[in-house]
Amino acid sequence: METALAAALAGPRGANPLVGAVILSPQGEQLAVGYHRGAGTAHAEADAIREARKSGVELAGTTMVVTLEPCNHVGRTGPCAQAIIAAGITRVIYAVDDPHDPAAGGARTLRAAGVDVRSGLAGREALGLNREWFDAVAAKRPFVTLHIAQTLDSRIAAVDGTSQWISSPESLADNHGLRGLIDAILVGTGTVLIDNPRLTARDAEGGLSSRQPLRAVMGLRDVPADAAVRGTDGRFRHLPTRDPAEALSLLFDQGVRHVMVEGGSSILSTFLAAGLVDELIVYLAPTLLGSGTAALHDLGITTLAEAQHWEWDEAGGGAVRALGNDLRLHLRPTRPATPTYKNFLPGAEAAEYVSGGH
């Protein structure tokens, strides 16, 4: 299970949880390792099965150890429970139950097919791995990534409003790669009126990527009819609200499960102040402006005791990476585990989880 948890960290955070899987021989030897590489790709279980078959491994009678209950539904990929049964795997050990209603029930399907199923192994660790994703699922809202491109002195634009390009070409390419993975990108009306962004995902040659996010603008001001963000493909939404929770609810109702908030300062600060950011990605350029537009406004914090605390996140490529001249910082909020999480653990461990001070 430790190997599965480590493998899971190679995947990106977002609409789907980080999941890792390991296949063991009847003698307990490690045969294959798999992990989920992001929305639309094979789940960890199917990835491990594929890796085993590439090596010519016989799967009949093997054991699978996985960090999350195998799914039981058809989405962009097939149900993992059925893939496990078809492969001839006879034992499955998983850490925590799947809280997502359409995907839940995999353990029941496996048991009905005669597979020996155990759960709860390293449950606390598996919950900690995906605590923000569990929060989003429980709240019925999209997973929120907040993106900031700033100078060393935390400026996102100069005094005259110019901001293209603070980030290096490598950072811009990385950001466009992220845009190709998310369901929606969200900015405020102020950003649209000042910068007139397209908010599209583009490939290395500058062409449109095959998968495009929904382009959403949040705010009470009108979006001009000729604004670039409107596009011509019908994938534009104006969210007439300044309330981040309401904006997320509107997006969730439209099928959005992962949204990236890009700016400007007001919307970034609003989401942070509301505690509605699950992942923070900062592109830090080795540039100083001394004045200009600050990345963040007042978060309502008046004393150090109220400060927001973040921790380095090794998922999806590492906490700190060099991209050209920039540094890419990847963080997750330091949040205490909540009693809600106990719902995804077996009874005895759930009781211990709560009594243990979580």
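**View 1. Trp312 in strand E14 of this predicted model.** Let's start with one tryptophan. Trp312 belongs to strand E14, which covers residues 310-312. Is Trp312 buried or exposed? Its relative accessible area is 51%, and because the cut-off for exposed is over 50%, Trp312 counts as exposed. Now look at its company: Trp312, Val320 and Leu327 form a nonpolar patch on the surface. Together, these three residues have about 300 Å² of accessible area.

**View 2. An open sheet of five strands.** Follow the strands across the sheet and you will meet them in the order E2-E1-E3-E4-E5, with mixed pairing. Which strands stand at the edges? They are E2 (30-35) and E5 (116-119). Each has a single partner strand, so one side of each is left without a neighbour in the sheet. On average, neighbouring strands here are turned by 15 degrees against each other, ignoring direction.

**View 3. Strands E1 and E2, with helix H2 packed on the sheet.** Strand E1 (residues 20-24) runs antiparallel to E2, and five bridges join the two. Try finding Val22: opposite this residue stands Val33 in E2. Helix H2 (residues 44-54) packs on the sheet, where it touches E1, E2 and strand E3 (63-68). The direction of H2 makes about 140 degrees with that of E2.

**View 4. Helix H10 and the glycine that follows.** Which residues of H10 (residues 265-273) are buried? They are Ser265, Ile267, Leu268, Ser269, Phe271 and Leu272. Here is a handy rule to keep in mind: an α-helix has 3.6 residues a turn, so residues three or four places apart point the same way. After H10 comes Gly275, with a positive phi near 70 degrees.

Definitions and conventions: Residues numbered from 1 in each chain as written. Predicted model: local features only at pLDDT ≥ 70, side-chain atom pairs only at ≥ 80, totals over all residues. Heavy atoms only, no water. Buried < 20%, exposed > 50% of the residue type's maximum accessible area, 1.4 Å probe, protein only. Helix = DSSP H or I, 4+ residues; strand = E, 2+ residues; numbered from the N terminus. Pairing = 2+ DSSP bridges. Axes fitted to C-alpha atoms, helices over the stretch in contact; angles between N-to-C directions. Contact = heavy atoms within 4.5 Å. Patch = residues over 30% accessible without salt bridge, like charges linked within 9 Å, V, L, I, M, F, W, Y side chains within 5 Å. Areas by Shrake-Rupley, 256 points an atom, 1.4 Å probe, with all protein chains shown as cover. Salt bridge = Lys/Arg side-chain N within 4 Å of Asp/Glu carboxyl O.
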